[in-house]
Amino acid sequence: MTQAGRQGSPRNSSGRKGPDRNAARGAAQGRSAGAGKRDFPKGGDRPFGDRTYRAKPREERFIDPDEAPAGRRPAGDWKPGAKAPAPRAGAAKAGARKAAAARKPGANKAPGTPGALKPKSAAPKTAGSRAFGSERFGQNLGPVRRPSRGRGPRTDVPQSEFHDADGVRLQKIMASAGVASRRVCEEMIAEGRVEVDGKVVTELGVRVDPKTAVIHVDGLRIQLDDTLVYMVFNKPKGVVSTMEDPEGRPCISDYIRNNQGERLFHVGRLDVATEGLLLLTNDGELANRLTHPSYEVPKTYLVQVRGPFPQGIGAQLKEGIELEDGFASVDSFRLVDSTPGHVLIEVVLHSGKNRIVRRLFDAVGFPVQRLVRVKVGPIGLGDQRQGSIRNLGKQEVGHLLASVGL
């Protein structure tokens with residue numbers, strides 16, 4: 001191929017338009033300084049053929065401070081064209097969230113109209129604002145339940161009625177008892193959640209005597225006596241519900257360690273063959289109230305009997321059965337599980353009669369094969385290992401005391 005043919009080949013970048021392009025390039029380079037034209041560097045092909053790339057002159061855009069985006073509005077003596085200060089950390093994300101919320105369907109409609117967005121509910125209180133909210137045990141016991149004959153209505157009284165000049169500040173006593181931090185305790189007092197001797201205190205600075213004052217927070221009694229002990233024992237089968245047994249059988253004291261010589265009472269009794277929850281304490285007033293029938297403290301049992309279990313017997317147990325020592329019934333009856341030959345039932349009753357659950361099921365023709373007490377009042381076993389003893393948390397103690405009006 002001749003030299004002319006190679007020059008006219010489309011594969012050669014300096015082909016048929018080579019001279020014109022070189023001339024245009026030289027002319028463009030000559031005008032670049034005056035006209036503000038921007039071009040690619042020399043050498044090689046440029047994209048989009050012969051197009052020239054001219055930078056548009058930048059125009060200063062006036063920004064009204066009243067219409068500046070949120071988080072980016074300049075402060076102080078700001079002038080148009082000046083560089084706005086950098087936004088604060090998180091301002092861009094917050095603006096993006098607001099913009100996304102504004103694009104939602106119904107965002108611009110008035111509340112209550114068809115298609116409008118539903119208002120968000122108030123945020124729940126954090127665990128730290130609850131009494132003893134940071135404790136490990138007893139955080140899901142629900143609302144405080146008091147007996148029907150509990151204290152009278154809550155009343156606000158002047159600060160001078162309980163103020164003791166020689167006492168300790170109320171928020172300090174609460175913080176020392178583990179209710180919450182002192183700052184949160186002050187908020188609880190200001191919100192009217194604290195009672196002293198049955199009367200609401202809303203003023204800060206009140207001083208009380210911790211040895212005699214009875215303090216409640218959200219209905220929970222604060223136990224200020226460090227000498228009182230409250231425990232839960234998961235009794236195994238074959239253990240006698242006594243501290244000592246003259247016959248040498250296993251008893252409760254065999255499982256108690258490091259009690260430092262404290263004399264503990266077991267609240268109620270379980271027969272030798274029955275397993276489950278026993279409360280141990282040296283609080284005599286609490287023990288008496290828990291066992292007194294007038295307080296009707298509920299007790300929950302899991303009962304295993306032979307199956308199948310016919311319908312109608314549960315209703316019969318709730319209606320009541322005549323026993324040798326009087327009329328007895330269960331408060332609730334629920335079928336938990338059923339397997340071939342066995343049925344597991346949950347019953348709740350407040351009677352404290354001896355062997356009452358076994359005698360009730362014997363009366364309907366289904367002797368108990370296994371019996372476990374899993375709950376007394378608000379206190380439950382949960383996943384506590386059999387044969388173990390644990391101390392109640394302060395929130396659990398508060399619920400237990402409230403259940404008997406203390």
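Reader: What is R221 in contact with, leaving aside its neighbours within four places in sequence?

Author: V214, I215, H216, G398, L401 and L406. Contact just means heavy atoms within 4.5 Å. Before we go on: this is a predicted model, where local features need pLDDT of at least 70 and side-chain atom pairs count only at pLDDT 80 or more, while totals for chains, interfaces and linings use all residues. Residues are numbered from 1 along each chain as its sequence is written, and side-chain values use heavy atoms, with hydrogens and water left out.

Reader: Why is the place of R221 called a strand?

Author: R221 sits in β8, which covers residues 220-221. Helices and strands are DSSP runs numbered from the N terminus (helices: H or I, at least four residues; strands: E, at least two), so a run of residues 220-221 qualifies.

Reader: How do you know that R221 has no salt bridge?

Author: Check the distance. A salt bridge is a side-chain nitrogen of Lys or Arg within 4 Å of a carboxyl oxygen of Asp or Glu. For R221, the nearest side chain of opposite charge is D283, and that is 7.1 Å away, so the cut-off isn't met. "Opposite" here goes by a simple list: Lys and Arg are positive, Asp and Glu negative, with His and the chain ends not counted. R221 is also buried, a word reserved for under 20% relative accessible area (exposed is over 50%, partly exposed is in between, with a 1.4 Å probe and protein chains only).

Reader: What makes E187 and R183 a salt bridge, then?

Author: Their closest N and O atoms are 2.7 Å apart, which is within the limit, so the pair counts. Both belong to helix α5 (residues 182-190), 4 residues apart, so about one helical turn separates them. E187 has 37% relative accessible area, so it's partly exposed, whereas R183, at 53%, is exposed.

Reader: Why is it said that R359 and D325 tie together parts of the sequence?

Author: Their side chains meet in a salt bridge at 2.9 Å, N to O. R359 is in helix α8 and D325 is in the loop between β13 (321-323) and β14 (326-328), so this link joins parts 34 residues apart in sequence. R359 is buried because its relative accessibility is 15%, and D325, at 41%, is partly exposed.

Reader: How many salt bridges does a search of the whole structure find?

Author: 13. Another one pairs R334 with E346 at 3.2 Å, N to O. R334 is in strand β15 (residues 332-339) and E346 in strand β16, so this pair ties parts 12 residues apart in sequence. There's also a network: E191, R193 and D218 are joined by salt bridges that share partners.

Reader: What makes the phi of D218 stand out?

Author: Its sign. Most residues other than glycine have a negative phi, and most peptide bonds are trans. D218 isn't glycine, yet its phi is positive, near 55 degrees. D218 lies in the loop between β7 (215-217) and β8, and at 35% relative accessible area, D218 is partly exposed. R355 also has a positive phi, near 55 degrees, in the loop between β16 (342-349) and α8 (356-363). As for bonds, the one from G307 to P308 is cis, with omega near 0 degrees.

Reader: How do you know that there is a cavity of 30 Å³ or more?

Author: Rolling a probe the size of a water molecule over the atoms shows where empty space is left. On a 1 Å grid over the protein atoms alone, a cavity is a set of points where a 1.4 Å probe fits but cannot get out; a pocket is an open set with protein on both sides within 12 Å along at least five of seven lines; and lining residues have an atom within 4 Å of a point. The search finds 1 such cavity, holding about 40 Å³. Among its lining residues are Y230, M231 and T281, and β11 gives the largest share, 3 residues.

Reader: How large is the volume of the largest pocket?

Author: About 600 Å³. Volume is the space filled by probe spheres set on the points, which are joined across faces, edges and corners. Its lining has 29 residues, with G268, R269, G352, K353 and R373 nearest the centre.
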